[in-house]
Every structure is written in structure tokens, then in C-alpha cells.
Amino acid sequence: MDASLQERLSRYLPTHLASGLDQPPVMTQAIQHLNSLQKALASFLPLYIEDDVQGDRYSALRPGTFLFADVAGFTALSERLQRASSSEGAEVLTLIINNYFAEMLEILAKSDGQLLKFAGDALLAFFPAKQGDISDALKAVRTGLRMQRAMKQFQPITDPRLVELIGTDRPHALLMSIGMARGKLFEALVGNAEQRDHIVQGDLPGAAMHAESVGEKDEVIVDAKLAALVVGHFSVKRMEQGFSRIVDSLGGELGDYEFEAPRKRRAKTTSLFDLAPDYLMETLRGALERVEAVAPYVAPAVLQELIVSENYHLRSENRFTVMMFIHASGFAEMLREWGESRREQVVAVLERYYDLVQRAITSRGGTLARTDPYRSGIKLLATFGAPVAHPDDPDRAVDAALDIRAKLAELNAALLGELPAEFHRQPFIEQHIGITQGNTFASEVGWKARREYTVMGDDVNLAARLMSKAGAGQIIISERVYRRVETRVEVETLAPMQLKGKETPVQAYSVLRQHRTDLEVEVESGSPLIGREALLEALVQRLTRTLESGEPLSLALAGYNGTGKTRVARYVARSAEAMGFRSAWVTCSSGDDDRAIFRSLVEQLLETTGEDAAERLREAPNDLLPTTFVTLLARKQPILIVIDDLHRANPHTLDTLRSVVQSVEHARLAVIVIYEPPLPVDLGMEMVLIPDLSRADSGRLAAHLLHVDEPGARLEALLWDKARGRPLYIESLLQHLRANESVIRGELKENAETDILPDALRELVMSRVDSCPPDAQIVLRAAAILGDSFTPESLSHVSELADLDRVHKVLGYLVENHMIEAVDGWRYTFRHDLTRGAIYGSLARSLRMKLHRQAANYWRAHRGIKGQPYRHAQHLMKCGLLPQAIEVLSNAGEEAEKRGDTEEAIALYRHALSLLPDEKSIAARLEALGGADDKA
């Protein structure tokens, strides 16, 4: 197999398949995997796009009827669930939304409509028109009426999981309003080689959304144009503002479906005949090409999750996530003012905007998760922390927002120079940004044939509300985000806002700019660089030497998450910019190839993106090999390249980087890479270890953050015990303790709660977990379920990673990476209990219960081990089987009585009564043994 094909395949195959493609059985498995992956990826696109649109260049103005269905009640329900249980509330909300979507999408499929988008809890659909025919309008109205009838099952919601969380005293109902309009739908496929999207734009979606907003709930509202078409077919009641309400007076005549048979996604899988040895290579290439055609329409981080998943579905997780909503407008106005004949020019502008947003987000480790039409323009959702976490996700999100704002100003200025005067607008594109952070449930929504990746939770709604309050060019952040970034940005404190769905006013802040780059600002600002003074001074001296002598500098900053290595690099980068270096920064993520990473660096250094960048790259010598380009540019101007999260990069990226470092001579070039050890290859770079702080420096940092001379003895001991000198752990613990008023004048209060896992610490731990290989993540989830200790055998059973050799290899990896440690020759435990707590908290309720059931089955089969009944009962109780747990303890108590072990029998009965205090038969046994007096 040639190297080029091998490289292309490696992007879409799990490791165990990518390494054995020279063997026919492995090649056959690879083909089957690619076929399944293609089917999964296609479900993230509208059916007609995947079936009918060839190639990436597509835009259209399609006549038809647009349907916008929005649900009232999800925001209020989200807030109630957040108060009831932040860890499970968003998950229950998502399950209810998926039930709603499943019901509505079945109706839509039977009604010959096209599902375009899920937009949070809203649904967007389209009914294409035929020449001289109004059947699209009639189908759309009938569909809306069917959907309203189906909503009765959610009034109230009777889901037992919801009742369990919020009770029955205040039943919660969902109400749906539907708006419709008829006209031309403006849609396009835009993006870049890394990620593309199906964008729905223009005046039509806004008209339907406006219609939806004017009526009461449980109504179907149409605009004046559509009402005039359907007035003879339905009962129509006129409303204000030119809108009309469709009255459901059809009774049984409405029916359940249209006569046209619903379209099915065309099967594109491979026949068994094609898997014969003579056809394997040809079949493999064909399967790869089909995957490559749809893969860009899924965010890179989401794509990677699908590749390594067992069932080609995204794992549902509880995530502490930063959400950024961006509202961008101007595209519909351009189309209206320039005319439909200029549609391609509008699409080109839209693509340039999407490109700059996508690159700003993904280069900082974020995910551009969703793009929805808005009343005016488009709304984009970016996530930092889901599906991949980083220790400094708030910093990354705000930095991306500032970059997007700056790049948009450049794009608007460039368009003024490029376009004729008659097409000028001021500005061409306008945007508004809102950013929050909070507990979310991250998963796919929809159904198996049509789904999207998103996050759900109260703070997601808050981000959208802040975005709607932002003025043109404004970036509004929540209180929680502000507390994480306040030392690095300048803000304007806004007046508390009364927002829809919120009982109390919300405090928010408008981001103005980053702090000035003067070196003292970073130290004075409160950023945890204490204990790094000598290191920072040495690094700045090395930059100065490169600037003055032309001697290249290549440094590898190594450290575990939370040591502050990225902040050290940011300090160095700002110092370099102050000296006159031109800098470029990129963050690696799983699945990135070296071309995407180095293209991003090149585009930043050229200060351009999109087609202009591609043209300039083509003009460079030797097809712009990184070594050639960097050498030429660094001889003209000092250059700094920073590559963050290098441990997530693939081998090709590491090889290219090593080539650049070893080949560049006599140029003012500084290359800094940031990674978590161990890195599997030698890059030929000078390694600088960023260690944890000493106990003395930990105290200095705590004193600095608390504005005291020194921390109290109790507080200092707690911080050392919990954080062990990890700077960001110290900062996070102190923020949590101060927020709970547990610290007075630098000392810990008496009786203060110390068994804590702050959100920021959970974020740090999960960023470490996300950097582990898939097998290691599977084992860590099982270990978190098993508890304080675990064995290879128990992990194999609970995780369903049946190969014990693979389990042993994973355990070796986790020990080497300081995540677990050996207790003895056969048992292991987490190195820090907070790691276990963070992983356990991230597990979706359904997965958690499944793993507890498997753990219960494991302990049921291992009778005779000390403590077995307790462990067996614990896992039964955790998966909701309390009666069975009581039975296990009761039976074990009886067995202890029979063998004369009264002390053990009393302990077992007492434990059973602690779980079910009203169990009279167990209380009687305990009393008979003389243990009843102490049971409390």
C-alpha cells in the first residue's frame, strides 16, 4: 500500500486497524468500519445534501415553505433541573428533548418534509415547491397541525426521570409554537479543508421565526403571503401585524401522512462480493473516498469521537463547558441589496467569515459545534471543554472571541477595498458574542438517521441570552467566565440584566481588550506565575539572544496539566511580540494532520486566510515546505511559533516539526512546543520541565491570591495536601473556598468543608483524561465505578475490555502517566481521589448505571473475598436496585450468623438498615443479636 493512501486512511481508522492493513482480514474490517463511519457521518447532514449535492461548491435559492417549530418551557425546565441536580438535570433534559425530536421527526418524515437543522430545542424544516403548485404550503400546514396534536403527550411531561428530580407538586408541560413563511431558501455549503457546514440563510427563516413569535403557544402561525395561498384549504383567523393563525378544524381528515412515499437515505455500503481478495484494494479506496466526502461536515473533535466509538454514536457525558454563541448578520442584506444574480459573491463572503471563525476556535482547541439560522443572520455555537477539555478553556474562548472580532474588522476593511462602490455596506458583517461556562450534558440529539452534536444545560441558554443582549462587536461574558479571565483581560462591568427564564438579574461583563503586553503586567495581575520568575527571565534572555544573534531557539515546555506551562508560553509569546517577533500559535487536537496544523501557522504568519492564503502558498518555492517557508520568513523578520498540546498530535506532525527544527539555521526563529509527558519521539529540542511548586512557593502563591502576608497553617496544610504544588489546583481551590466564605484573613474557618472538587479542578482533570488513548479512557471510567481500588480482572469485566493483556498495557500507561498507582502486585488505586471524582461525575446516568450493574455482576461472582457483600450491595444500590442490595446484605448476615460470626452479622444488618431504615425484619434480627442499641 502506498504511503499516501496509508496516511489518508490513518485519519479515519482506529489504531488497531491502521497498523495492520497489509493483511486481508484487517483490510476487510477496515472497509466495514469505513462503511459504518460514512453512514454515521452522513446522518449529520440533511438527507438531500448527502444524496444530491456533488462536491463542496453548492449554493441555492430554493422556493418552498419554511417551518420553524419552537418549544416554550425548556428554558424554565432547564433552570429547575439545574437547581435540582446539576449533574443529572441536563441529561434528563436531553432525554426529553430527544423524545420530542423523535416524535416530531417521525411526523416530518411521513409528511414529505426536509429536516434542515436542530437549533437547541427548535426544529427547522423545509417543503420544496414545485413549479405552479402550492402543495408544499399545504403539506407544511398539515405537518404543523399534526405536530401540535402530538404535543399533547408532553402536557404535562410524565417522564419518571423528571418526576424523580423535581417531584409532582409542579407538573411541567411543554408548549410548541410554529411559524411558517413561503419564499426562497438561501443555503450554501461553506468552510475549509478542516471543517465545512451547511448554512441556511436569507430572509425566509427570519420571516418564519417572526411568525412564530407573534402568536400564543400551541398555535400554527403563517405570514400574509402563505395565508393567502391556504385560506381556502384551512380555517384561517387573521391576527395583527399581517399574520394569521391556522385553526385545526380538520378532525379525522388531517391524517397521519402524505401520499408521497418518504425518501430514504441511499445505501452506500459494500456488498460481500466486493470484499473478495481481488477487490479489496479497490473497495477500500471507494469506502475511503465516501468517508472523505462527508467527514468535513463534522467538527474534527466530534469526528475523532465517532472513529474510536464502538457503535458510531457519540458518548453522552456530563461536561463542565465554556459556551460561545456568535450572532453574525449582513448576508441576507447583501443578497437583497446586491440581487440574486450576485449569490455566489455573497456565498464567498459568508465562506470567508465562517473560515476565520472556525480557525480561531479550533486553533485554540475549541469545537465549532453548530450553525443555525437566526432571525437576522446566523447563530454559531462554539464549545471549549466538550468534547475535549483543557485546563484554561475560559482563556481560550475569550482569546478566540477577541481574535474573531479583530479578524472580522480586517475582513470588513478588505471588502471595502475589493468590492465596487455600489456594493459597499457599513459594516458588511456585524456580530454579537456571548460566553458562559457551566455544567452541561454533551451528547448527540435527534435520531439515528439525523443527528447533531450539542451541549444542553442552563448555562447554554444563558450564553444565548447574553449574545442577544450584546451590541455590535460586543463580547459579553458571564460572572463565572470573568472570574477565570479577569487577570488577563480588561472589561466593562455591565448593569445587572433581567434575562428571559432567569428569576434574578444576571451580572455580566463586556470584554474590551487583553491587558497590555508590558512584562510587569502579567506578574502584577495575579496570574499564577509565582515560583517561575527565574525560568521566565531565562526564557526572555534566550529570545533576546535569538533576536540579536540570529541563532534559532527551539524549546519544549513539558509539564502535567495544571502546572501552568501554557501560561508560561503565553508570557513568552507576549514578550516576543513586544520585541518585534511575529508570532503564530496553534493548538493540536486528536485527528489533526500535519498539513492542517502547519497551514494554520503559515496563514497566521502571512496574516491572511482563505483563498488569498492558498494563492500565496502556491506561489512559494518547493510547494511551501515548512522548512523552506520558515527559513525564508525568519530571515526577513523574527518569528515565534508556538504549538500547544503537542501530545495530541499525530506522528506525521511530529516528523514535520522535527524536520523544521533540525533544518533551520541562521534565522531569527523561535519554536516553542507545549506538551504533557511522555512524548514518544525525540524532537531534537531543548526540554524545559515545568514542575509543581515547592511547598514554600505554594504558600507564596496562596498569599498573593489572598492578598495576605502568608496563609494560615490550616489553609496551607489543606492546599498542600490537595494540590501538591500544582498552581492551577491551588488557584481553583482558593476560589472555591473564598466563594463559600470558608477563608477569613488568610486562614481556613473551623469546620469548613474540605472534601471539595471545584469545577475548575474537574476541568483540569478531564483535560488530562481527554488526552489519554481510547482504551485508557475506557479503563478509567470502569476504575471510577469500582471505587477505591481495582484489579485488572475487575476492570476487564466492568469495562468489557475482555483482553487482559490490553488491560495490563493500559494500566502500565496510566501508572507511567501518574494517574493511578499500584497498591501491591495485583491491586491499583487512583493517585488522587479528585481524579476519580471528576471521572465519575462526568459519566452519563445511563452509562453509570450500566457500569454499576456490571460491577455488581462481577462481585456477585466473587463470593468469599473480604468485603464482597458490601461491594455487591453498593453497586446494586447505585444502579437503582435497592431491594436486591438489601437482600444481598441480609443473606450475608444470615450466613455470618450460621457460622457464628456475630460481629460480622451485626455489621451487615446495620449497613442494610442504613440503606432502608424501615425494614422491620432486619431490625428484629439485629435486636436479637444485641446490636439494636448501637444502630444509630
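**Ser 510, two nonpolar cores and two helix pairs**

User: Leaving aside its neighbours within four places in sequence, which residues is Ser 510 in contact with?
Analyst: This is a predicted model, in which local features need pLDDT of at least 70 and side-chain atom pairs count only at pLDDT 80 or more, whereas totals for chains, interfaces and linings use all residues. Residues are numbered from 1 along each chain as its sequence is written, and side-chain values use heavy atoms, without hydrogens and water. With contact meaning heavy atoms within 4.5 Å, the partners of Ser 510 are Gln 474, Ile 475, Ile 476, Glu 490, Val 491, Glu 492 and Leu 494.

User: Is Ser 510 buried or exposed?
Analyst: Ser 510 belongs to strand S16, residues 508–514 (strands are DSSP E runs of at least two residues, helices H or I runs of at least four, numbered from the N terminus). Buried means under 20% relative accessible area, exposed over 50% and partly exposed in between, with a 1.4 Å probe and protein chains only. Because its relative accessibility is 5%, Ser 510 counts as buried.

User: Which helix gives the largest share of the largest nonpolar core?
Analyst: A nonpolar core is a set of buried Ala, Val, Leu, Ile, Met, Phe, Trp, Tyr and Cys residues joined through side-chain atoms within 4.5 Å. The largest one has 62 residues, and those with the most contacts inside it are Tyr 12, Leu 34, Leu 41 and Phe 66. Its largest share, eight residues, comes from residues 24–42, which form helix H3.

User: How many residues are in the other core, which includes Leu 701 and Phe 830?
Analyst: In the largest core, Tyr 12 is among the residues with the most contacts, and its own partners more than four places away in sequence include Leu 34, Leu 288 and Ile 307. Apart from that core lies another, with Leu 737 and Ile 756 also among its members, and its size is 57 residues.

User: How are helices H34 and H36 oriented to each other?
Analyst: Helix H34 (residues 868–878) and helix H36 (residues 902–915) have axes 11 Å apart, at an angle of about 10 degrees. Angles under 35 degrees count as roughly parallel, over 145 as roughly antiparallel, 65 to 115 as roughly perpendicular and the rest as oblique. Therefore H34 and H36 are roughly parallel.

User: What is the angle between helices H29 and H31?
Analyst: Among the residues that meet are Asp 775 and Val 779 in H29, and Arg 806 and Leu 814 in H31. The pair counts as roughly perpendicular. The axes of H29 (residues 774–786) and H31 (residues 804–816) are 9 Å apart, and the angle is about 90 degrees.

Technical notes: Axes fitted to C-alpha atoms, helices over the stretch in contact; angles between N-to-C directions.
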